[in-house]
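Q: Let's go through this model label by label, with the reasoning behind each one. Here it is.

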Amino acid sequence: MQKFFSMNRKIMSVAALLAISYAFAQKDSLGQKNIEEVVLTGQYNPQSVNKSMYKVEVINAEQIKNMAATNVADVLNQSLNILIIPDTTSGNSTANIMGLDGSYVKILIDNIPVVGDTGLGSNIDLTKLTISNVERIEVVQGSMGVEYGNGALAGIINIITRKNASKKISLRALVQEETVRDTYDIRKKGKGRHIQNINIDYNLDKNWFANINFNHNDFNGYEGGKNGYKFFYTTPTDKRGYDWNPKDQLDGSALIKYSKNNTTFFYKLSYLKEKFYYYSPDAERKPLNDGNGGATYLATDREYNTDRWIHQFNIQSKLGNIRYNGDFSYQSQDRKYFDYGYDVPNRQILNENQEQSYYKTNVIYSRGMFSNFLNNRTFDFQLGYELDHTSGYASLIAGEFDGNTIKRKIFTYSNFLSAEWNITDKLSIRSGARLSLNDSFNNQFNYSATAKYRTSAHSDIRASFGTANRYPTYDELYTYFVNINHDLQGNPDLTPEKGRTFGLFWNHVLTNTGSWKINYNTNFLYVDVKDKIDMILMDVNSSTYRYYNLDYYRNMMLSADANFQVNRLSFGVRASLNGVSQKFDEKSAPSDINYYFQAGANANYRLKNWDTQFSLFYKFNGEEKKYRNSGDIKNPVFDIGTVQSFSMMDFIISQPFYNNHLEFSLGVKNIFDVTNLNDTTLSSQGHSTTTSRLSFYGRSYLARLTYQF
């Protein structure tokens, strides 16, 4: 299989270069269609971001290109109040919003949730979501349980892909090469990061549009404190392998869209194949019995394979005056693994065990919305339904479970209703409610209220209140890991968590008839989660842990940002202050608020005659403090742990050629060379621990060649 992916990398590179060569022969010029920026998330119908009832952060394709990002995790790393949490052992990276992990953040592609290990839309690995065909990314922070149901507690990340083009045929080909810290080698099982992409848009006629997209991302791992897969000496021990394991991703999508009069529909098929490599830290010395004292070194390594299919059909139409928007999707994700014996000195696979599936999820999903019943601009309401049938299993390797396989089927059906009233030209309000029926948990009821007031022609204030719930995961329900040293168990009696948020947002835009524009925002957001699930140390002497609905979590955030645009220069600054309070139980835990600070800046400048683009991105994450319990539930001992502060900075230079058909970019990411962060927020067996947590693989350099016509 390694040969398969190596061959694919070569094929993709050659195909991209051939596409570039072919495009040189084309005489069409780049056409850019000036389309007003619209948003989809939380709307009755797509509309201007300024008219949205919700505060929506939009990251458009131009911003993404300037970042030289290759996946959604790269893009969101620069967003305020979003922290990307990497797991170097699994290769997954999830989004943390308002201090809540990926279980509380719902990830959508074209307004439908994405299948993942723990269900639909939650704990999604953002490195598996490429941005080669992304039109924009919409982010809404705060609970949106009425619109999006389970798991939409901390926020929504909605990835909108391109579904139109201004020309008859458009082609975009890209090759991007990156170092991994100070290592790079393009050869098979080499070093660095190697990305190739081809995207083709085709307008068959005025009604039909088609798109096809292929992407290959080969990350060869980061050795860090280890010595790579070739290392085999007996001393030092535990040094074989990687701190950040290698993985190879190949994904593609195809879309066909029809649009005529009041009806638009599209069908989209997406496929991802990921190979993730784990190398045993030790290689066992085995004598050759050749009479000369010869020996070789054998290791048992493991390869993880993920296959993900997403089928999506969307239709938008009018039934008389009534607008209908319907989504239908079938999704599947299957994670497999196999072990193999490896002769390290001779670089030879000796044997392979049979591949086994250990985490499988199948989803049937549908969502439908009806609006514009009254055909009235003053008052409108929306009726909607959502159904989610998720089935699958988790085997022992995915976690420690009681038995070999935990099978689970969950069916959720929801109805939601909201009404929007434009009271005056300046004031609009919307309220809504959702009832969710679930065959495994009690019925859940969520509600929301939003208001928007236009204080002037260039300024508005938004207020929002919403609730959402989160169902327990496989691990929280069924984990069972008991031996002589540990007793860690899930809890099948867990109940869904309940969250609510309140937000207040002010936006103001200043422009003149010349070339400058200033936009600034002030935001306040409050979130609390009741019955929060956490692993509790029951007895410090026996190391007994259980999952319980005990925690109460609160986060208050005050943020401000300002964006300036003058001629060819754009510049933005932003800052936020978060206060977090978490009670482990109502009786004994402290409820003090711990604060942490974030700040960021970005700048873009384009030279007048050369069109050279300079892009700079900076983000500071302040020291984060958390209470930790180094005792047990009977005799709690609370003190404060910290997560080290750090700064990230990227700098990219892009130079277009040949009437903007060709673009060459150079850049450096993670300029401050951040790798490990000190983390003292963890507790273990009655005492506090300090962990050096690997969060990044340090400074890297990139070169990118793009051709489009």
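A: Let's start with a residue pair: Glu57 has Val139 in E10 as its bridge partner. This is a predicted model, so local features need pLDDT of at least 70 and side-chain atom pairs count only at pLDDT 80 or more, while totals for chains, interfaces and linings use all residues. Numbering runs from 1 along each chain as its sequence is written, and side-chain values use heavy atoms, with hydrogens and water left out.

Q: How do you know that E3 and E10 pair?
A: Two strands pair if DSSP finds at least two bridges between them. E3 and strand E10 (residues 134-141) are joined by four, running antiparallel, so the pairing rule is met. The element names are DSSP runs numbered from the N terminus (H or I for helices, at least four residues; E for strands, at least two).

Q: What makes E3 and E7 the edges of their sheet?
A: The sheet is open, with five strands in the order E3-E10-E11-E6-E7 and mixed pairing. Strand E3 (57-60) and strand E7 (112-113) each have a single partner strand, so one side of each lacks a neighbour in the sheet.

Q: Why is strand E12 described as largely enclosed?
A: Eight of the ten residues in E12 (residues 169-178) are buried, so the rest of the structure largely encloses this strand. Buried here means under 20% relative accessible area, exposed means over 50%, and partly exposed is in between (1.4 Å probe, protein chains only).

Q: Which strands does E12 pair with, and over how many bridges?
A: E12 pairs with strand E13 (residues 193-203) in the antiparallel sense over ten bridges, and Val175 stands opposite Gln196 in E13. Seven bridges join E12 to strand E43 (residues 700-708), also running antiparallel; there, Arg172 has Gln708 as its bridge partner.

Q: What makes Glu663 and Lys65 a salt bridge?
A: A salt bridge is a side-chain nitrogen of Lys or Arg within 4 Å of a carboxyl oxygen of Asp or Glu. For Glu663 and Lys65 the closest N and O atoms are 3.3 Å apart, so the pair makes the cut. The link spans distant parts of the chain: Glu663 is in strand E38 (residues 662-669) and Lys65 in helix H2 (residues 61-67), 598 residues apart.

Q: Why is Glu663 called buried?
A: Its relative accessibility is 13%, so Glu663 falls under the limit for that label.

Q: How do you know that Arg240 and Asp301 form a salt bridge?
A: Their side chains meet at 2.8 Å, N to O, so this pair passes the distance test too. Arg240 sits in the loop between strand E14 (208-219) and strand E15 (247-260), whereas Asp301 is in strand E18 (residues 295-319), 61 residues apart. Both Arg240 and Asp301 are buried.

Q: How many salt bridges does the structure hold, and which residues do shared partners join into one network?
A: The structure holds 29. One of them is Glu476 with Arg470 at 3.0 Å, N to O, and both of these residues are buried. Shared partners join Glu62, Lys65, Arg606, Glu663 and Arg704 into one network.

Q: What makes the nonpolar surface patch?
A: Ile169, Tyr202, Leu204, Trp208, Ile256 and Tyr267 form it, at about 480 Å². Patch members need over 30% relative accessible area and no salt bridge; nonpolar side chains (Val, Leu, Ile, Met, Phe, Trp, Tyr) are joined within 5 Å, and like charges within 9 Å. The areas come from the Shrake-Rupley method with a 1.4 Å probe, and for residues only the protein chains shown count as cover. Tyr267, in strand E16 (residues 263-278), has 33% relative accessibility and so counts as partly exposed.

Q: Why is the patch of Lys51, Arg377, Lys426 and Arg454 called positive?
A: Lys and Arg count as positive and Asp and Glu as negative, with His and the chain ends not counted, and this patch is formed by Lys51, Arg377, Lys426 and Arg454. Each charge is placed at NZ of Lys, CZ of Arg, CG of Asp or CD of Glu. Arg454 lies in strand E25 (residues 444-456) and is partly exposed at 40% relative accessible area.

Q: What stands out about phi of Asn372, and is the residue buried or exposed?
A: Phi of Asn372 is near 60°, a positive value in a residue other than glycine. Asn372 has a relative accessible area of 6%, so it's buried.
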